[in-house]
Amino acid sequence: MIKYLIEKEFKQLFRNSFLPKLIFIFPCMIMILMPWAANLEIKNINLNVVDNDRSVVSRHLVDKLGASTYFRLTAFPDTYDEALYGIEAGTADVILEIPRDFEKDWINGKAPRLLVAANAVNGTKGSLGGSYLSAIIGDYTRELKSEMAVRPLAGKPLPRIGISTLNLYNPTLNYKLFMVPALMVMLLTLICGFLPALNVVGEKEAGTIEQINVTPVGKFTFITAKLIPYWLIGFVVLTICFVLAWLLYGILPAGHFFTIYGFALIFLPVVSGFGLVISNHSATLQQAMFVMWFFMLVLILLSGLFTPVHSMPEWAQWITRINPLRYFVEVMRTIYLRGGGFAELLPQLGILSVFAVAANVWAVKSYRKSN
């Protein structure tokens, strides 16, 4: 019986000419557009430079900043107060003030101090702009040391500034390597969560589900037959995402694909079961769409896709503990970035298994079958 129900679900799914196209086109659009639109890199930061020294060393520093793709030199005001007007007017994001005797202090072995002031109205842009500027100044400091070490002046010791940076697992700081695995989770959630919910409610409105309700088919068999096609579609979508990530961005997991498929086998019942729960409590297609979209939006925003969980307020971090997307995002990033396996991800595996059982038991119990 379950075989015929599954065949019926596939026939009904592909009878709608729009849904098969959506299943294949939607992942392609998300994988192509989102990694570029959800860009975690910030470039073309407007920089005002107040050069009170006007020496060779300070001019070289300004030239180095101008050559960077991260900064755009917008003005060279004479005073800090004038530069601050640019911040207030919105024409500048960061101010760099070079003090007088900058070159003289450096040659005499003193450590000159530079002032970096960032507009923190846009917190991300301000903090990253200040970090980029500090990194370029540190790099320039090392260049000066290497040049002047060859010709020491009057036996004066040069200031020693040692900065060592090691970026683990993502040495080039490629934000796409951070975003793409999480986008795969979002795609699986949207497709395998929405489609089962809308399918059941659509059958309610059309009245065709009554033909199943009057048969001796049990609720568990009915729910299983409803979900299996969408689980298979989820694996197809995940495979498409793997191929697109490799072709478009050259991203391959440091771990094994089979580990991802194994976790997907647990995660897909979670989102599809949750979608069926929504459909069981919805009377119309419009109601199911609005309720499903509300929950999906909250779950995606609290999954760590765009904002790291540890950067959220403590109360929000507690809410993420009951968010299954958070754990699958952690799984995908761990496998892609660090090459983690099942042994390392056992806590996430256990939690996702609990969610899968709970969601599907709830879906079976909440389905009202009239005999």
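Cys28 sits in helix α2 of this predicted model. Its relative accessibility is 26%, so Cys28 counts as partly exposed, the cut-off for buried being under 20%. Neighbours within four places in sequence aside, Cys28 touches Ile240 and Leu244. The contact with Leu244 spans a long stretch of chain: Cys28 and Leu244 are 216 residues apart in sequence. Their C-alpha atoms are nevertheless separated by 7.4 Å.

Helix α2 also takes part in the largest nonpolar core. This core holds 54 residues. Met31, Met184, Phe267 and Phe328 have the most contacts inside it. Two or more core residues come from each of α2 (18-37), α7 (175-206), α9 (219-249), α10 (257-280), α11 (285-301) and α13 (324-338). Helix α7 supplies the largest share, with 16 residues. In soluble globular proteins, nonpolar side chains tend to be buried together.

Phe328 shows how parts of the chain are brought together at this core. Leaving out neighbours up to four places away in sequence, Phe328 is in contact with Val185, Leu188, Phe263, Ala264, Phe267 and Leu352. One of these partners, Phe267, is itself among the residues with the most contacts inside the core. A second core lies apart from the largest one. It comprises 20 residues, including Ile42, Leu65, Ile98 and Leu133.

The cavity search returned one cavity of 30 Å³ or more. The volume of the largest cavity is about 30 Å³. Its lining consists of Ala182, Val185, Met186, Ile300, Ser303, Leu305, Leu325 and Val329. Helices α7 and α13 are the elements that each give two or more residues to this lining. Helix α7 gives the most, with three residues. By class, the lining has seven nonpolar residues, one polar residue and no charged residues. Val185 thus appears in two settings: Val185 lines the largest cavity, and Val185 is in contact with Phe328.

Helix α14 covers residues 346-366. Its 21 residues should span 30 Å at 1.5 Å a residue, and the end C-alpha atoms are 30 Å apart, so expectation and model agree. The buried residues of α14 are Gln348, Leu352, Ala356, Ala359, Asn360, Ala363, Val364 and Ser366. An α-helix has 3.6 residues a turn, so residues three or four places apart point the same way. The cover over the buried residues of α14 includes α9, α10 and α13. Leu352, one of these buried residues, is in contact with Phe328.

Two loop residues were examined for their backbone angles. Arg54 has a phi near 55°, a positive value in a residue other than glycine. Arg54 is placed in the loop between β1 (45-51) and α3 (56-67). With a relative accessible area of 54%, Arg54 is exposed, the threshold being over 50%. Asp101 has a phi near 60°, again a positive value in a residue other than glycine. The loop that holds Asp101 runs between β3 (94-98) and α5 (102-107). Asp101 has a relative accessibility of 41% and therefore counts as partly exposed.

Conventions
Residues are numbered from 1 along each chain as its sequence is written. This is a predicted model: local features need pLDDT of at least 70, side-chain atom pairs count only at pLDDT 80 or more; totals for chains, interfaces and linings use all residues. Side-chain values use heavy atoms; hydrogens and water are left out. A nonpolar core is a set of buried Ala, Val, Leu, Ile, Met, Phe, Trp, Tyr and Cys residues joined through side-chain atoms within 4.5 Å. Buried means under 20% relative accessible area, exposed over 50%, partly exposed in between (1.4 Å probe, protein chains only). Helices (H or I, at least four residues) and strands (E, at least two) are DSSP runs, numbered from the N terminus. Contact means heavy atoms within 4.5 Å. On a 1 Å grid over the protein atoms alone, a cavity is a set of points where a 1.4 Å probe fits but cannot get out, and a pocket is an open set with protein on both sides within 12 Å along at least five of seven lines; lining residues have an atom within 4 Å of a point. Grid points are joined across faces, edges and corners, and a volume is the space filled by probe spheres set on the points. Ala, Val, Leu, Ile, Met, Phe, Trp, Tyr, Cys and Pro count as nonpolar, Asp, Glu, Lys and Arg as charged, and the others, Gly among them, as polar. The expected span of a helix is 1.5 Å times one less than its number of residues.
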